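Let's take a friendly tour of a protein chain, starting with one residue and then stepping back to the whole. Keep the sequence and the 3D view at hand as you read.

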Amino acid sequence: FFVTNLLNFFSSFKSNSLVNMGIDLKAGGRRTGHKSSMKVIKTANPYNRLLIKLYKFLARRTDSKFCATVVKRLHMSKVNKPPIGLNRLAKYMKNKDGKIAVIVGKVTDDVRMLEVPKLSVCALSFTETARKRIVAAGGECITFDQLALRAPTGANTILLRGPKSRDALAHFGHSTSVNNPHTHDGVKPYVRSKGRKFEKARGRRRSCGFKI
């Protein structure tokens, strides 16, 4: 009887050990709990949602790397879709006649630029002055759905991006409060000037209410 129980115990242990075998982990472990950021459309903008569907379809049916890149950039957050100025855009499009500049983001005006060359630009949006200047120079501002009809695979296009590191990022951050004075550390305030008379009153001095 004792021998039978012992054999049963060992057989069950052997079967359990086979079921619960370990897995080989690389250093750092497996990356779990992180779904692809492109599986779910996060934007509430109906135009952007339709564009993602359109370019996802084109990327699948045409095997175009251009369309796949556009889809990836359309899924990005606003901070990862930095705007591009007319001056930088004109510099990148020099000696590229007949090509369409494609920016998954906003095109802004540059007052330092006196003359705008003739450009064909496709972007998510344009500032009013940037659009006026491009059209006045004989160029055109088109949307991504118009681009899909003209160049479904991205032929004769130049895919551009604005500068990721820019002055505006210094001002981005959480607002500070009396209870949590450190949320605003390293976040540059929007001030008219820096000096004795600016941002030095209540809220910035212990003697005047509180200091953050």
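Our tour starts at Ser64, which sits in the loop between helix 2 (46-62) and helix 3 (65-74). Keep in mind that you are looking at a predicted model.

Does Ser64 count as buried or exposed? Its relative accessibility is 7%, so Ser64 counts as buried, because buried means under 20%. Leaving aside residues up to four places away in sequence, Ser64 touches Ala59 and Thr153. The side chain of Ser64 also has polar atoms that lie at short listed distances from backbone atoms, as this small table shows.

| Side chain with the polar atom | Backbone atom | Distance |
|---|---|---|
| Ser64 | nitrogen of Cys67 | 3.3 Å |
| Ser64 | oxygen of Thr153 | 3.0 Å |

Thr153 therefore turns up twice in the story of Ser64: as a residue that Ser64 touches, and as the owner of a backbone oxygen 3.0 Å from a polar side-chain atom of Ser64. Now move along to Lys200, found in the segment after strand 5 (157-160). With 40% relative accessibility, Lys200 counts as partly exposed, because that value falls between the 20% and 50% cut-offs. Lys200 touches Gly195 and Arg205, again not counting residues up to four places away in sequence. Lys200 and Lys211 are 11 residues apart along the chain, and their C-alpha atoms are separated by 9.6 Å.

Next, let's look for empty space inside the model. Rolling a probe the size of a water molecule over the atoms shows where such space is left. How many cavities of 30 Å³ or more does the count come to? The count comes to one, and the largest cavity has a volume of about 40 Å³. Its lining includes Arg73, Met76, Asn80 and Lys81. Pro82, Ile103 and Val104 line the largest cavity too, as do Leu160, Arg161 and Gly162. By type, the lining residues divide into five nonpolar, two polar and three charged.

Finally, step back to the whole chain. Its secondary structure comes to six helices and five strands. Read from the N terminus on, the elements run α-α-α-β-α-β-β-α-β-α-β. The chain has 212 residues, and 26% of them count as buried; Ser64 is one of the buried residues. The chain exposes about 15,700 Å², with carbon and sulfur atoms supplying 54% of that area. Among contacts between residues at least 6 apart in sequence, 45% join residues at least 24 apart.

Definitions and conventions: Residues are numbered from 1 along each chain as its sequence is written. This is a predicted model: local features need pLDDT of at least 70, side-chain atom pairs count only at pLDDT 80 or more; totals for chains, interfaces and linings use all residues. Side-chain values use heavy atoms; hydrogens and water are left out. Helices (H or I, at least four residues) and strands (E, at least two) are DSSP runs, numbered from the N terminus. Buried means under 20% relative accessible area, exposed over 50%, partly exposed in between (1.4 Å probe, protein chains only). Contact means heavy atoms within 4.5 Å. Accessible areas come from the Shrake-Rupley method with a 1.4 Å probe; for residues, only the protein chains shown count as cover. On a 1 Å grid over the protein atoms alone, a cavity is a set of points where a 1.4 Å probe fits but cannot get out, and a pocket is an open set with protein on both sides within 12 Å along at least five of seven lines; lining residues have an atom within 4 Å of a point. Grid points are joined across faces, edges and corners, and a volume is the space filled by probe spheres set on the points. Ala, Val, Leu, Ile, Met, Phe, Trp, Tyr, Cys and Pro count as nonpolar, Asp, Glu, Lys and Arg as charged, and the others, Gly among them, as polar. A polar contact is a pair of N or O atoms within 3.5 Å; within protein, one must be able to donate a hydrogen and the other to accept it, and residues adjacent in sequence count only if both atoms are side-chain atoms.
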